[in-house]
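Visitor: Please take a close look at one part of this model, the charged side chains that pair with one another. Go through the pairs in turn, with their positions and their burial.

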Amino acid sequence: MIDVFLNTLQDLWNNSAFCNITWQQGIMLLISFFLMYLAIVKQYEPMLMLPIAFGMALTNIPGAELYHPEFFLTGNIDFGQVLHDGGLLDIIYLGVKLQLFPPLIFLGIGCMTDFGPLIANPKSFFLGAAAQGGIFFTFLGACALTATGIVDFTLPQAASIGIIGGADGPTAIYLTSKLAPELLGSIAVAAYSYMALVPVIQPPIMRLLTTKKERSIKMGQLRQVSKTEKIIFPIAVTIIVAFIVPSAAPLVGMLMLGNLFKESGVVERLTKTASNELMNIVTIMLGVTVGATATAANFLSIRTILIVVLGLIAFSVGTACGLLLGKLMCKLTGGKINPLIGSAGVSAVPMAARVSQKVGQEENPSNFLLMHAMGPNVAGVIGSAVAAGILLAIFG
């Protein structure tokens with residue numbers, strides 16, 4: 001009897017994670033703990049960083065069998081195998097793989113977004129578009145690294161890395177899950193890390209590319225936008241974008257549907273559900289499953305380091321592009337536009353707009369740029385979705 005008991009204990013030990021963990025999985029667990037620290041203590045994008053970090057921990061526990069990356073290596077998913085042999089996170093990950101979760105996140109974002117500043121100042125569209133320059137610059141940079149033999153990024157992988165420059169987490173997840181799912185964990189962590197670090201990364205670039213005089217410019221009050229304009233806007237944007245870039249319709253369409261819910265004023269229950277309960281549920285499932293893709297085999301590589309570096313370049317170049325167009329518009333309008341609002345075009349709503357306000361007020365305490373910066377900020381959300389649609393149309 002004692003021998004049976006001891007053998008049972010031995011089998012239990014042999015099958016435990018303590019006995020089977022590799023040093024690579026140990027490092028991934030430490031990384032996940034560090035990301036949890038950033039989310040909880042430093043409050044770096046905690047709504048998604050915390051579930052991503054916990055999902056990363058779950059997927060790297062030996063024997064848990066919650067996620068099987070081999071089920072999703074090809075474009076043709078064997079749903080029967082996933083449902084029969086898959087773990088909990090395999091089944092939830094279908095929501096990412098089938099492109100359900102990111103558009104639903106955009107639906108909630110649309111319900112919470114006020115496009116009034118953009119409608120009042122349509123020139124903000126140009127600033128939001130210019131800030132997407134970091135996406136394409138970094139795409140070309142990743143291609144150049146491949147050409148020199150430093151790394152072997154494919155064109156779809158290079159496109160997925162470039163989208164980090166849009167500073168829009170759901171868009172990065174949406175595009176990467178289609179073009180380069182093997183890089184999803186690395187790109188998601190990089191994208192949300194840089195979104196959280198907007199107040200750290202952007203101010204030095206803003207001060208470098210603008211003069212004190214430019215940063216001190218006070219902008220006039222925006223005009224009042226009518227309810228009719230706010231209702232027409234999401235319908236018009238959906239039609240125009242979907243006709244020009246049909247592959248961007250899932251993201252832009254759901255974003256504008258949410259905004260139409262909000263501005264119509266006749267579906268308050270739907271607006272509340274989409275922006276609260278539904279969005280919170282999807283955020284949990286999206287974060288945990290994206291974190292689960294960060295297995296030791298995929299994450300611990302030179303590619304991950306390069307993705308983090310290229311992501312920083314993408315974000316920085318996007319900020320610079322918005323600022324430089326802002327400077328040009330400042331000159332063309334005779335000093336009526338403060339170039340600082342151009343940096344908000346990278347998306348990261350509303351943090352980038354708040355940074356523009358903060359830097360401008362440091363130079364001129366009576367300066368109030370927040371509403372002016374919200375125009376390029378929300379334009380950047382549309383711009384990043386359109387950029388993702390273009391890349392998907394080319395490489396998808």
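**Salt bridges around one buried arginine**

Guide: R215 is buried, with a relative accessible area of 8%, a value under the 20% that marks a residue as buried. The model is a predicted one, and every value here is computed from it. The partner of R215 is E363: the two form a salt bridge in which the closest N and O atoms are 3.0 Å apart. This pair joins distant parts of the chain, since R215 belongs to helix α15 while E363 belongs to helix α22 (residues 351-363), 148 residues apart.

Helix α15 takes part in another such link. E214 forms a salt bridge with K327, and here the closest N and O atoms are 2.8 Å apart. E214 lies in helix α15 (residues 212-215) and K327 in helix α21 (residues 302-332), so this salt bridge ties together parts of the chain that are 113 residues apart in sequence. Both partners, E214 and K327, are buried.

Back in helix α22, there is a pair of another kind. E362 forms a salt bridge with K358, with 2.9 Å between the closest N and O atoms. Both residues sit in helix α22, four residues apart, which is about one turn of the helix. As for exposure, E362 is partly exposed, its relative accessible area being 43%. K358 has a relative accessibility of 51% and counts as exposed, because the cut-off for that class is over 50%. The pair is also part of something wider: R207, K358 and E362 are linked in a network of salt bridges.

To put these pairs in context, the structure holds nine salt bridges. Among them are E214 with K327, E363 with R215 and E362 with K358.

For a residue outside these charged pairs, consider V386, which is found in helix α23 (residues 370-395). V386 is buried, at a relative accessible area of 19%; the class ends at 20%, so that value still falls within it. With neighbours within four places in sequence left aside, V386 is in contact with V241, V245, A248 and V252. A separation of 14 Å lies between the C-alpha atoms of V386 and P102, residues that are 284 residues apart along the chain.

Definitions and conventions
Residues numbered from 1 in each chain as written. Predicted model: local features only at pLDDT ≥ 70, side-chain atom pairs only at ≥ 80, totals over all residues. Heavy atoms only, no water. Salt bridge = Lys/Arg side-chain N within 4 Å of Asp/Glu carboxyl O. Helix = DSSP H or I, 4+ residues; strand = E, 2+ residues; numbered from the N terminus. Buried < 20%, exposed > 50% of the residue type's maximum accessible area, 1.4 Å probe, protein only. Contact = heavy atoms within 4.5 Å.
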